[in-house]
Amino acid sequence: MSERDHLFMARALRLARKGLYSTHPNPRVGCVIVRDGEIVGEGWHARAGEPHAEVHALRQAGERARGATAYVTLEPCSHHGRTPPCADALVAAGVGRVVAAMQDPNPQVAGRGLLRLASAGIEVLSGVLEAEARALNAGFIKRMESGLPLVRVKSAMSLDGRTAMASGESQWITGPAARAEVQRLRAQSSVVLSGADTVLADDARLTVRPDELGLGVEATFMAASRPPLRVLVDGRLRVPLSKSFFQVGPALVATCAAAAARDRYLADGHELLAVPGSNGHVDLRKLLLELAGRGVNEVLVEAGPRLAGAFARAGLVDEYRIFVAPKLLGSSARPLFELPLNRMAEAPELQIVDIRAVGDDWQITAVPKAR
């Protein structure tokens, strides 16, 4: 493993990030082909069903791929899916060496791609910038390894930890820069999920608004081409179909209520999903398992304190994105989470992994601390 390997893998990772908003349910992958120290081909995976990163790079390299080194951010696939195996394409192109950032966690691959390359006499190296590669595809990796999607909870609060006035008024706690960051979080997610309380109180739509993304033309187009699935957790079907949430495109409603209403939702272009639960509350873990079974990698939860607290209490949150505004809403305003705790020992511990200014606000990224 050389400095040159790191340099070209870093380039492959930058290419992979071009698929941040569009590859679902596939992972984000980039590929760089290098011969005699010069990049002769490169590519990235844009959408499921379209050619993988290796294919784009090999097409660009042509005959110059023979004897070259291919840098790939994820182990080349070895199975026939919607596209042919990339491992076979690299063998056929005659590359002399393949450097992968990490092994593919997909059980259909899981080392078989690297083994296919090695058995063809190609030098193989894995583990270059693996941490960066894993971070880029954390949702895909979690789904493959645990059968659950990555859950990211987004909340906005005042400096005194409040999310809305006692009346429910909450627009807008944060400024336009923070709201643009939330739009980007939505766009990169497979699912944006909320609860009945939020939709009823805020008339929330949970859509991605391309003009607010603050991205370049190419990235904005990619984000707009694959909007996330909007999921409403509504155990008792309290949100009427006349609300704005249902007027801006198809949605999935997870409920414990009787399935007799299914035809009514279907007629309006929506799906009603019956999920087991108790006392009118959807079993969130079972909902996540259902979503993962549909290929969902990342879930962004944008909900009020009750549903956000339910995810936290169930131990289902992988990451918190908390936007803090330099405002004070007062002691009668609503809290960030409903977490009925009696003792300090019960308090969930988090590790703050990033703090940064976003316009006039601050964004805190925190993850549950391992116990």
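**Exercise 1. The interface between the domains**

How many residues of domain 1 are in contact with residues of domain 2, and how many of domain 2 take part? Describe the interface between the two domains.

*Solution.* The structure is a predicted model, in which local features need pLDDT of at least 70 and side-chain atom pairs count only at pLDDT 80 or more, whereas totals for chains, interfaces and linings use all residues. Residues are numbered from 1 along each chain as its sequence is written, and side-chain values use heavy atoms, with hydrogens and water left out.

Step 1. Locate the domains. Domain 1 covers 3–136 and domain 2 covers 147–368; these bounds come from an automatic or database domain assignment. Taken over C-alpha atoms, their centres are 34 Å apart.

Step 2. Count the contacts. Eleven residues of domain 1 are in contact with 16 residues of domain 2, where contact means heavy atoms within 4.5 Å.

Step 3. State the area. Domain 1 and domain 2 bury about 1,100 Å² between them, with 52% of it on carbon and sulfur atoms. Of the area that domain 1 buries against domain 2, Y21, H24 and R47 supply 59%, more than any other three residues. Buried area is the accessible area (1.4 Å probe) that two parts lose on being put together, summed over both.

Step 4. List the polar links. Eight residue pairs are in polar contact between domain 1 and domain 2, both residues being at pLDDT 80 or more. A polar contact is a pair of N or O atoms within 3.5 Å; within protein, one must be able to donate a hydrogen and the other to accept it, and residues adjacent in sequence count only if both atoms are side-chain atoms. The rule also finds two salt bridges across this interface, a salt bridge being a side-chain nitrogen of Lys or Arg within 4 Å of a carboxyl oxygen of Asp or Glu.

**Exercise 2. Two neighbours in helix 7**

Describe the surroundings of Q183 and R184.

*Solution.* Step 1. Place the residues. R184 is in helix 7 (residues 176–188), and Q183 is found in helix 7 as well. Helices are DSSP runs (H or I, at least four residues), and strands are runs of E, at least two, both numbered from the N terminus.

Step 2. Examine Q183. Q183 counts as buried because its relative accessibility is 1%; buried means under 20% relative accessible area, exposed over 50%, and partly exposed in between (1.4 Å probe, protein chains only). Beyond residues up to four places away in sequence, Q183 touches T207, V208, R209, E212 and L213.

Step 3. Examine R184. With the same sequence exclusion, R184 touches Y21, L213, G214 and L215. Its side chain makes a polar contact with the side chain of E181 at 2.9 Å. A polar atom of the R184 side chain also lies 2.5 Å from the backbone oxygen of L213.

Step 4. Follow the chain to G214. G214 is found in the loop between helix 8 (196–202) and helix 9 (217–225), and is exposed, with a relative accessible area of 68%.

**Exercise 3. An annotated residue**

Is E54 buried or exposed?

*Solution.* Step 1. Consult the record. UniProt lists E54 for "active site" in an unreviewed entry; its positions are given in the numbering used here, feature names are shortened, and annotations may be inferred rather than shown by experiment.

Step 2. Place and classify E54. E54 is found in helix 2 (residues 53–61) and counts as buried, at 3% relative accessibility.

Step 3. Name the neighbours. Not counting residues up to four places away in sequence, E54 touches C31, V72, L74, P76, C86 and L90.
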